[in-house]
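Hi everyone, thanks for coming. I'd like to spend a couple of minutes on salt bridges, so let me put the structure up on the screen.

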Amino acid sequence: MQGKVALEEHFALDETVQDSAGFSPESDWPELKARLLDIQDRRLREMDAHGIEMMLLSLNAPAVQALRQHDSAIGLSQRANDFLAEQVRRRPDRFQGLAALPMQDPDAAARELNRCVEELGFKGALVNGFTQVADHDHAVYYDVPAFRPFWAEVERLGVPFYLHPRNPLAKDAAIYETHRWLMGPTWAFGQETAVHALRLMGSGLFDAHPKLQIIIGHMGEGLPYSMWRVDNHNKWMAVQNRYPAKRKIAEYFRENFYITASGNFRTQTLIDAMLEIGADRILFSADWPFENIDHASTWFDTTAIAENDRYKIGRANAWSLFKLG
Ligand code: MN
């Protein structure tokens, strides 16, 4: 399929590239590092070869989110966003930007998003999961009240927020001890991000800000497959789920979330997602450079779905969500 849009696609600065070193064996690191540091060369050739017209670019992980000092987080966000804006200016027909945000300071994060959208023309934000504050052993999730003014600004700007994975902190990862192979994309990324997304849904955030649109990757981080059970377990009991939000979790999932196919190139999984959230809320993505563009595209271009759905998922949904016209 020609004209695809891909939106979980990462780059690195020299100062953040080492954050990705743990996600490849040493023998593959030179290749992954070169992919992360390239924007205008090999990336464009890969896009041309596999029918990707537009990439929305974002900083690698965890980068800003793992910094403990507010000032460092604010400084790195600004440097990354200014660099990305310059890259987009060179090829606005092929690249657009998603902002890195210093979530350590919700007011600063709102201001930086405003700057990125209003001044730099970015199309949204991509944040790498929970943030850390002064006590580095404490994960802060974005359902807590301190983030409500930030979310109000996201809603006001009318741009999507991509909730991208990171690994849990050591103190929250006891279940993975002696099973380190489960960290990262194998399992821990999805678990971490799915719980964060459920926290947002159950918190009442979307009752207060119904226009917010959150994107999660990897075909919904397992949520489509489990959505019915979240709302319907032990249905005979007098008291069902108790949480601050007013509606069923699945209603927020269908109205306030989009999912991407990043790194999860499996037709059976896509079809389950289409049955749960619908083709209008699924977006093609590769997860370059951690996944291959040819693997993503060859699968997506030929997978057995309706051509109308392929067009929506591959291009039209992203075009209208990010107002790419
Ligand atoms: Mn990714």
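Let's start with R247 and E255, whose side chains form a salt bridge with an N to O distance of 2.8 Å. Keep in mind as we go that this is a predicted model. So, are these two partners buried or exposed? R247 has a relative accessible area of 28%, so it falls in the partly exposed class. E255 is partly exposed as well, at 38%.

Next, please look at D280 and K312, another salt-bridged pair, again 2.8 Å from N to O. D280 sits in the loop between α10 (267–276) and β10 (282–283), while K312 belongs to helix α12 (residues 307–321), so this contact ties together parts 32 residues apart in sequence. Both ends are partly exposed: D280 comes out at 46% relative accessibility, and K312 at 29%.

Besides these pairs, there is a network: E31, R35, R42 and E46 are joined through salt bridges that share partners.

Now for a link between distant parts of the chain. The side chains of E15 and R79 meet in a salt bridge, with N to O at 2.8 Å. Where do the two residues lie? E15 is in the loop between β1 (4–11) and α1 (29–37), and R79 is in helix α3 (residues 70–90), 64 residues apart. E15 is partly exposed at 46% relative accessibility, and R79 is partly exposed too, with a relative accessible area of 43%.

And how many salt bridges are there in total? The count comes to 19. Thanks, and I'm happy to go back to any of these pairs on the screen.

Methods:
Residues numbered from 1 in each chain as written. Predicted model: local features only at pLDDT ≥ 70, side-chain atom pairs only at ≥ 80, totals over all residues. Heavy atoms only, no water. Salt bridge = Lys/Arg side-chain N within 4 Å of Asp/Glu carboxyl O. Helix = DSSP H or I, 4+ residues; strand = E, 2+ residues; numbered from the N terminus. Buried < 20%, exposed > 50% of the residue type's maximum accessible area, 1.4 Å probe, protein only.
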